[in-house]
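Colleague: Please take a close look at the part of this model where the protein meets the DNA, and work outwards from there. I would like one connected account rather than a list.

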There are 2 protein chains.
Amino acid sequence: MTTSGALPRRRRDAAQTRLDLLDVARRRFAHDGYAATTVRHIADEAGVNVALISRYFTSKEGLFQACLTDAVTDVGRGTDDLGHGEIAARLARRLSDTPGKIEPGENRLRDGLLLLVRTSGDERIDDLRRDFLRALSEKVAVKTGNTIDESTLLRAQILLAAVLGMVLLRSTLGIQPLSAAGEDELRQPLADLIDALLGTRGHDRR
Amino acid sequence: MTTSGALPRRRRDAAQTRLDLLDVARRRFAHDGYAATTVRHIADEAGVNVALISRYFTSKEGLFQACLTDAVTDVGRGTDDLGHGEIAARLARRLSDTPGKIEPGENRLRDGLLLLVRTSGDERIDDLRRDFLRALSEKVAVKTGNTIDESTLLRAQILLAAVLGMVLLRSTLGIQPLSAAGEDELRQPLADLIDALLGTRGHDRR
DNA sequence: ATAATAAGTCAGCAAGCGTTTACTTCTAGC
DNA sequence: GCTAGAAGTAAACGCTTGCTGACTTATTAT
């Protein structure tokens, strides 16, 4: 059993509490949106006092920005190491909820993508998001073997919009059969989508 | 000029005030989300007192539900009269902001679609949304000349997710070139998208 | 062991929220 | 013209929000 193992785990660990807060905040911001999420709920779920949010992140917006920054590096890292043909398969696998784990709602990639679509009203945070999405669409264009002219960029962004829309519908509405679709069901449609928008025999055959 | 025309326009018109409130609320709910929108802002922008929202719609949630119901009939009506091939063209035209009008932000279809993605936390209102999206995806499947098995339904919902994602990115982030793309730029990518997901030579050629 | 400091808690603030109640002003029917 | 009732307003209500300052408790170094 897991009762009273060997790990000491200091009862007061600032770095760990910071991470706990980030973890809870990311999930709640992603699922409920910025305005609907309260700092008290975050603190309660993390098991710490509200005041620590102000201490570690200055403000609610500071915490949100920290979540977004983390999400950006997370999502960015996930796109570094993909080959040319396997994009759809990887995407399908990583979008279907928690391939290995038992817990139903623990998927950092999904929550990170959701965060990209949530807004706090602060224009400077939105700039962050914009810059990252722009960069991401360029990376997608390149990874699919395209040049990055305006037309291709537009198509890459439509692909991103599709993925974001799928994640949003799956996690906030629960519409069927989309929400229950697993890796196997998602792979082929995603492949078709990518091929149609950015595939080799796609948009250039005019 | 339009100064002091012939129309009398009673200074007190309950039905008209109700419509004004609905109009403002729809826009603000769609753009800022449910939690970030306050009844006072809505009332101020509509030029009436806050108490009237409670009178005409019982509560903030009542107003939101009324907006959503309107949006559902709006979006639903827009999909009734489309032929088989022109779907992409129509979609491109109606998604690009206000084809005819001068005003920049007046597009009922866009706001209606956005509302489908905004949630108030009330599960019964979410049911409304789910049912409509389900019906809409079935209609899309049929309009594209498909049967409505689970696989096709999934693909229709992915298409809907793509459209919703595009609308969301265009109106809340302003990422380029997606946000500035007009009818002409959107038509072909949308056509490719639809064809790949639900087209005749698409998903059945296994 | 003890002092210094980091980590965490507590209680309360000012402001904003959705909602309601009592009131005023306009409109329509006689 | 007068009046009943509809349409709209003003002000306050109880509550929640994000945030803060004074306080307590654990940790670490000497």
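**The protein-DNA surface**

Modeller: Of the atoms of DNA strand D within 4 Å of the protein, 56% are sugar or phosphate atoms, and the remainder are base atoms. This is a predicted model, and the distances below are computed from it.

I begin with strand D. The surroundings of DNA strand D comprise 22 residues. The closest are Arg12(A), Arg40(A) and Lys60(A) from one chain, with Arg55(B) and Tyr56(B) from the other. By class, this surface has nine charged, seven nonpolar and six polar residues. Elements that each supply at least two residues to it are α2 (39-46) and α3 (51-57) of chain A, along with α1 (14-32) and α3 (51-57) of chain B. The most comes from α3(B), which gives four residues.

Individual contacts to strand D involve both backbone and bases. Arg55(B) has a side-chain N or O atom 2.5 Å from a base nitrogen of DNA strand D. For Tyr56(B), a polar side-chain atom is 2.7 Å from a phosphate oxygen of DNA strand D. Asn49(B) uses its backbone instead: one of its backbone N or O atoms lies 2.8 Å from a phosphate oxygen of DNA strand D.

Next is strand C. There are 23 residues around DNA strand C, and those that come nearest are Arg55(A), Tyr56(A), Arg12(B), Arg40(B) and Lys60(B). Within 4 Å of the protein, 58% of the atoms of DNA strand C belong to sugar or phosphate, and the rest belong to bases. The surface near DNA strand C divides into nine charged, eight nonpolar and six polar residues. At least two residues each are supplied by α1 (14-32) and α3 of chain A and by α2 (39-46) and α3 of chain B. Here α3(A) gives the most, with four residues.

Two arginines of chain B reach the bases of strand C. In Arg12(B), a side-chain N or O atom is 2.5 Å from a base oxygen of DNA strand C. In Arg40(B), a side-chain N or O atom is 2.5 Å from a base nitrogen of DNA strand C. The phosphates of this strand are met by chain A: a polar side-chain atom of Tyr56(A) is 2.6 Å from a phosphate oxygen of DNA strand C.

The record can be set beside this picture. UniProt, in an unreviewed entry, places the feature "DNA-binding region" at residues 38-57 of chain A. In the model, that span of chain A is 75% helix and 0% strand, with its end C-alpha atoms 14 Å apart. UniProt also lists "domain: HTH tetR-type" for residues 15-75 of chain A, again from an unreviewed entry. Residues 15-75 of chain A are 80% helix and 0% strand, and the end C-alpha atoms of this span are 23 Å apart.

One salt bridge within chain A involves a residue of that listed span. Arg108(A) pairs with Asp74(A), and their closest N and O atoms are 2.9 Å apart. Arg108(A) is in helix α6 (residues 108-115) of chain A and Asp74(A) is in helix α4 (residues 60-78) of chain A, so the salt bridge ties together parts 34 residues apart in sequence. Over all chains, the structure holds 36 salt bridges.

Both chains contribute to the surface near each strand, and the contact between the chains deserves a look as well. This contact takes 39 residues from chain A and 39 residues from chain B. Together the two chains bury about 3600 Å², of which 72% is on carbon and sulfur atoms. On the chain B side, Leu154(B), Leu173(B) and Pro177(B) lose the most area to chain A, together 17% of what that side buries.

Polar links also cross this interface. Between chain B and chain A the count is two salt bridges, and 10 residue pairs are in polar contact. One salt bridge joins the side chains of Arg155(B) and Asp192(A), at 2.8 Å from N to O. On the side of chain B that touches chain A, the elements giving two or more residues are α7 (123-143), α8 (150-173) and α9 (183-198) of chain B. Among these, α8(B) gives the most, with 14 residues. By class, that side of chain B has 24 nonpolar, nine charged and six polar residues.

Notes:
Residues numbered from 1 in each chain as written. Chains lettered and ligands numbered in written order. Predicted model: local features only at pLDDT ≥ 70, side-chain atom pairs only at ≥ 80, totals over all residues. Heavy atoms only, no water. Near = heavy atom within 4 Å. Polar contact = N/O pair within 3.5 Å; in protein donor to acceptor, adjacent residues only side chain to side chain. Nonpolar A, V, L, I, M, F, W, Y, C, P; charged D, E, K, R; others polar. UniProt positions renumbered as here; feature names shortened; annotations may be inferred. Contact = heavy atoms within 4.5 Å. Buried area = accessible area lost by both parts, 1.4 Å probe. Salt bridge = Lys/Arg side-chain N within 4 Å of Asp/Glu carboxyl O.
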